[in-house]
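Please look over the structure below with its sequence alongside. The report that follows treats the ligand site and then several individual residues.

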Amino acid sequence: MIISFEGGEGTGKSTYTELLCAHLDKYGLPRLSLREPGGSAFSEKVRGLFFHEDIDVMTELLLVLSSRRENIVKMITPALSEGRIVIIDRFIDSTLAYQGVMGGLGVEKVRAIMEMTGTWLEPDLTIVLDIDPSVALERIVPGDKFELRDLAYHGRLRQAFLDLATGARHRVIDADRPRDLVSRDILSIVDEMTLKRR
Ligand code: TMP
């Protein structure tokens, strides 16, 4: 089973990814967790290049997909075959939102490229953390090129994630609430799914 966390900057993906991992560990459920771009040693190197200031959006796409391809082949597929739950902090929806919508490549084209390159792998569950960017950006110290973009960009990005969250696998969670309420919602969705599969 693959569970991805998605959403704009400062929505708490890393926090809730860690929280979910701790929850699964508590119940002895084997899991693999990773972030994208990044993950394997190779993919972490790609992550360094990905944040380079002045690269073309297609180059950005090819970099993130090379990171994903390595993760899928070397880490995700083996973990799934061992029956582990794979938790990913950003995955295919981030590529559709950032490079497809915000970068202007188009959602259909980006999806087709992912399908052609074996990097389109649909999670069983995608948690979309939703929060007003003016609140979310207060939570972070902007560092990389995406985080430094203006509020209008982050507003459009939020809408892109919401527009993409139409599949049966998507659950949009209001992340502008106390952490215990947000985590309660996430854990109950995951518990229901993992129990159903046993
Ligand atoms: P983060 O690990 O702090 O969330 O940073 C990852 C950044 O990479 C974030 O700004 C979104 C961006 N990104 C893309 O542009 N496309 C992608 O496919 C992925 C996975 C991330």
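How far from an oxygen atom of the ligand does a polar side-chain atom of Arg47 lie? The separation is 2.9 Å, and it should be read with the reservation that the model is a predicted one.

## Polar contacts to the ligand

Besides Arg47, whose polar side-chain atom is placed 2.9 Å from a ligand oxygen, two other side chains can be described in similar terms. In Glu9, an N or O atom of the side chain is 2.7 Å from an oxygen atom of the ligand, and for Arg90 the distance between a side-chain N or O atom and a ligand oxygen is likewise given as 2.7 Å. The ligand, taken alone, exposes 470 Å², and the protein buries 93% of that area.

## The shell and the pocket

The ligand sits in the largest pocket, and the elements that contribute two or more residues to the shell around the ligand are helix 2 (41-50), helix 3 (57-81) and helix 4 (92-102). Helix 4 makes the greatest contribution, giving four residues to this shell.

In total 14 residues surround the ligand, and those that come nearest are Glu9, Arg47, Arg90, Thr95 and Gln99. When the residues of the shell are sorted by character, six are nonpolar, three are polar and five are charged.

## Backbone features in two loops

Arg90, already named for its contact with the ligand, belongs to the loop between strand 3 (85-89) and helix 4. Its phi is near 80°, which is a positive value in a residue other than glycine. Is Arg90 buried or exposed? Arg90 counts as buried because its relative accessibility is 11%, and the cut-off for that class is under 20%.

A second backbone feature is found at Pro37, in the loop between strand 2 (31-35) and helix 2. Here the peptide bond that runs from Glu36 to Pro37 is cis, with omega near -10°.

## Residues of strand 5

Strand 5 spans residues 170-174 and includes Ile173, and Asp174 is also found in strand 5. Ile173 has a relative accessibility of 5% and therefore counts as buried, whereas Asp174, with a relative accessible area of 42%, is partly exposed.

Each of these residues can also be placed against a partner elsewhere in the sequence. Ile173 and Ser33 are separated by 140 residues in sequence, and their C-alpha atoms are 20 Å apart in space. For Asp174 and Ala79 the separation in sequence is 95 residues, with a C-alpha to C-alpha distance of 30 Å.

## Ser134 in helix 6

What is the place of Ser134 among the elements? Ser134 lies in helix 6, which covers residues 133-136, and since its relative accessibility is 37%, Ser134 counts as partly exposed. Ser134 and Gly10 are 124 residues apart along the sequence, while in space their C-alpha atoms are 9.9 Å apart.

Notes. Residues are numbered from 1 along each chain as its sequence is written. This is a predicted model: local features need pLDDT of at least 70, side-chain atom pairs count only at pLDDT 80 or more; totals for chains, interfaces and linings use all residues. Side-chain values use heavy atoms; hydrogens and water are left out. A residue is near a molecule or strand if one of its heavy atoms lies within 4 Å of it. A polar contact is a pair of N or O atoms within 3.5 Å; within protein, one must be able to donate a hydrogen and the other to accept it, and residues adjacent in sequence count only if both atoms are side-chain atoms. Accessible areas come from the Shrake-Rupley method with a 1.4 Å probe; for residues, only the protein chains shown count as cover. On a 1 Å grid over the protein atoms alone, a cavity is a set of points where a 1.4 Å probe fits but cannot get out, and a pocket is an open set with protein on both sides within 12 Å along at least five of seven lines; lining residues have an atom within 4 Å of a point. A molecule sits in a cavity or pocket if more than half of its atoms lie within 2 Å of its grid points. Ala, Val, Leu, Ile, Met, Phe, Trp, Tyr, Cys and Pro count as nonpolar, Asp, Glu, Lys and Arg as charged, and the others, Gly among them, as polar. Buried means under 20% relative accessible area, exposed over 50%, partly exposed in between (1.4 Å probe, protein chains only).
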